[in-house]
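Me: Can you walk me through this structure in plain bench talk? I'd like to ask about its helices, its sheets and how its chains touch.

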2 protein chains.
Amino acid sequence: MKAPNFFSATEASAAIAAGDLTSERLVGACLEWIAAREPEIQAWAHLNPAHALAEARQRDRAPRRSRLHGLPVGVKDVIDTADMPTEYGSPIYKGHRPASDAACVALLHELGGLTLGKTVSTEFATRHPGKTRNPRDTAHTPGGSSSGSAAAVADSMVPLAFGTQTSSSIIRPAAFCGTVGYKPTFNRLNRAGLKFLSESLDTLGVLTRTVPDAALIVEELAGAAPTSFDDVGALKPRIGFCRTPYWGEADAATRAAFETALPALSKAGARIGHVELDAEFATLADVQIRMSSFEFYRALAYERTRFPQLLTESLAARILGGGRVTRAQYEETHDIAHRCRARLDGTYREYDVLISPSAPGEAPRGLESTGDPLFGLTWTLMHGPAITLPVFTGPRGLPIGLQVTGPRGSDARTLRTAEWIRRALNPVD
Amino acid sequence: MKAPNFFSATEASAAIAAGDLTSERLVGACLEWIAAREPEIQAWAHLNPAHALAEARQRDRAPRRSRLHGLPVGVKDVIDTADMPTEYGSPIYKGHRPASDAACVALLHELGGLTLGKTVSTEFATRHPGKTRNPRDTAHTPGGSSSGSAAAVADSMVPLAFGTQTSSSIIRPAAFCGTVGYKPTFNRLNRAGLKFLSESLDTLGVLTRTVPDAALIVEELAGAAPTSFDDVGALKPRIGFCRTPYWGEADAATRAAFETALPALSKAGARIGHVELDAEFATLADVQIRMSSFEFYRALAYERTRFPQLLTESLAARILGGGRVTRAQYEETHDIAHRCRARLDGTYREYDVLISPSAPGEAPRGLESTGDPLFGLTWTLMHGPAITLPVFTGPRGLPIGLQVTGPRGSDARTLRTAEWIRRALNPVD
């Protein structure tokens, strides 16, 4: 039998419920694997094995509280934890210990889950990389900003991890590390206790190895009904292939992967259409950058004014750029987003989901950059669910993701359709 | 000449700019007045006179940075400050010192303003009262949750204070204490560093003694253009009198005050119409309570699970009520709010503003309750600007407020119209 750290969350949850697995064994297996792999991967900002094992033993003694009972979760280090340091990826907060747990952490604990440790974030969940390497090839970036969460989950150090996305910070690292990333509909998970960057965009989500795992943790925390995946095979989904205005930025391997995938999806029973977004959608990457920068300048006002020397030059420059966006320009970004969301709702009446690239290609070589967020910006701004599936492989043998997006509030249908697509493209799994 | 603590913010700002007043003198006058009045009023959760005076002297030496330069501000104690304790109105956070300033505080400092101290909040900005008394009659509640901010500003202890509103927590205490309260359009002021209760509703705003003061601080912090009030007299506003579905809850004095005010406004040049909201609007108080309670349960998950014995019974009961609201019911509250906002936009095409009561009547006697938030709930949920004006007096000699509301994003026009209404009803001021 495979070691429990290789179980999906859904498998581990069922095994714990059946009495075939204890939380202590599961956490122990995760910690053993971490001990072996962490020197190379560097996914964790903080780990306290004794504390995690003690929590696991407590769960094993306690009555089962939910499907999350006994499951360990990695928590991105921009999310407050009272029992572990929270440094937001910045030396300004070295050793900082928040006074309370973020809502998602407290709810996780209440539901019987436990925090395995804090995962590495880029600086304030923006671009400047942390120490993490891509577990598929450690010479490559894991992507960002949820770098540690993506690497830890992809490497089977932990089945579940929280991530946050303002631009493409769940989708891109999940795609680069070859795992599932799920950015739910905006406002599906409570954000109290998140370090805010851009409150109009910051979205709490998860990194997992399977689509049902992503559904499991978000549904439990959101108080939503469980989505069934049993009958997914019977779906005949309507899929819109959306090249997006940035198709020219996708590399040859990514473009070729989609050209091969479309007939495969069609053969598996999907109705495929081609979706062209209108000209205003081509402005959305710039709109997302203006909106977020305006908010960065304000949300990080304390750090910007008190500790400018402890911000990286690239973040300082980006924040100052936000200071040059006028109020009128900022309000216009909301107007544009509002209009485009309404028109996109119309498009989604013809399709269950749209599919598009998760990133321009494989994870770039080197650890200096976390890669290009371009393919995430529009969907974050549109506030609907986005899921990346690790269904393609590029010329360097690294994963390439397929991004599935749906209309706001359609999380269950989007997850089911995503799982249908995954099975259609990776039937052996 | 009146002591500087009695200056409006606009007057003080002009006097400082002209070299006729220093920040040190202004802050000194505020502190002297507080020393005399605070034993009776109890508006402050934390005060550090030496620190405030040192900050004021620093501002007097520094180049002028904005209209806020040298002005002292009271900061409601649910807003994080790195240089003062922040206790969120709860013993759970006794002595808590946040690692950073909230965005509004850091921006205030950057613009040359200074924090005079922390003002009393009810427990987590909900219902359970703090120690503050109404400066108009200390046997009466100041209202809540921005109790200390309203009392301190109304009593001329400080010209400006931050408040927050989830239900009616700026409008009600301002009305009860007889001062101006301004809840801007949702998302006008950055919320990073606010203790979240209900992220779909929590709105940062201000308490001031004049409408131009309210405009001044919010515009500076929001990066919005200054609103001119010079030509307000020339307006011919279109005013919709909206009894709201709760008119029956308003007491006789409040109803009579409106019946007298309408002809006065008409005589002053306004076009007055009567606005009847449709039946769905009558559900909005319940909708607001369902939406906020669902979010309380999650946002306060840490406090609820770790320190249940340190929550008051009334808050614990309200939070647990939120745990019984289902996800589907919660999502329905957003659908209803969305529909009503769209229909209200239509109503606002016929009127510059709507006017309605700020509260059912004068501040109730006693300090056990902060009064009824009913007349605030709908407008908070609608996300547009709301301003309360202290233009009426009740049978006990206590103030009664008139609430002016406008469509989302119309803050400048709503403030100008509010100032027109104030002048029309209180021409001597």
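Reply: Below, we go through the structure question by question.

This is a predicted model, in which local features need pLDDT of at least 70, side-chain atom pairs count only at pLDDT 80 or more, and totals for chains, interfaces and linings use all residues. Residues are numbered from 1 along each chain as its sequence is written, while chains are lettered from A and ligands numbered from 1 in the order in which they are written.

Me: How far apart are the end C-alpha atoms of helix H12 of chain B?
Reply: Helices (H or I, at least four residues) and strands (E, at least two) are DSSP runs, numbered from the N terminus. H12(B) covers residues 327-348, 22 residues in all, and should span 32 Å at 1.5 Å a residue; the expected span is 1.5 Å times one less than the number of residues. That agrees with the model, where the end C-alpha atoms are apart by 31 Å.

Me: Within what arc do the buried residues of H12(B) fall?
Reply: Buried means 20 or more other C-beta atoms within 10 Å of a residue's own, exposed means 12 or fewer, and partly exposed is in between, with C-beta atoms placed from the backbone. The buried ones here are Tyr330(B), Thr333(B), Ile336(B), Ala337(B), Cys340(B), Leu344(B) and Tyr348(B). They line one face of the helix, because seen down the axis (taking directions from the helix axis to the C-beta atoms) they fall within an arc of 110°.

Me: Which helices do those buried residues of H12(B) pack against?
Reply: The other side of H12(B) has exposed residues, including Asp335(B), His338(B) and Arg339(B). Contact means that two residues have C-beta atoms, placed from the backbone, within 7 Å. The buried residues of H12(B) pack against two helices of chain B, H9 (284-299) and H13 (374-382).

Me: Which element gives the most to the side of chain A that touches chain B?
Reply: In this interface, 31 residues of chain A are in contact with 32 residues of chain B. The elements of chain A giving two or more residues are H4 (103-110), H9 (284-299), H10 (301-306) and H12 (327-348). With 5 residues, the one that gives the most is H4(A).

Me: Which strands stand at the edges of the chain A sheet?
Reply: This open sheet has 11 strands in the order E1-E3-E2-E4-E6-E5-E10-E11-E9-E7-E8, with mixed pairing; strands pair if DSSP finds at least two bridges between them. Each edge strand has a single partner strand, so one side of each is left without a neighbour in the sheet. The edge strands are E1 (44-47) and E8 (271-275) of chain A.

Me: Is strand E9 of chain A largely enclosed or open, and what is the bridge partner of Leu354(A) in E11(A)?
Reply: In E9(A) (residues 353-357), 5 of the 5 residues are buried, so the strand is largely enclosed by the rest of the structure. E9(A) pairs with E7(A) (residues 238-242) in the parallel sense over 3 bridges. With E11(A) (residues 399-405), E9(A) pairs in the antiparallel sense over 4 bridges. In E11(A), the bridge partner of Leu354(A) is Thr405(A).

Me: At what angle do helices H1 and H7 of chain A pack?
Reply: Among the residues that meet are Ala9(A) in H1(A) and Leu216(A) in H7(A). Axes are lines fitted to C-alpha atoms, for helices over the stretch in contact, and angles run from 0 to 180 degrees between N-to-C directions. H1(A) (residues 9-17) and H7(A) (residues 211-222) have axes 8 Å apart and pack at an angle of about 65°.
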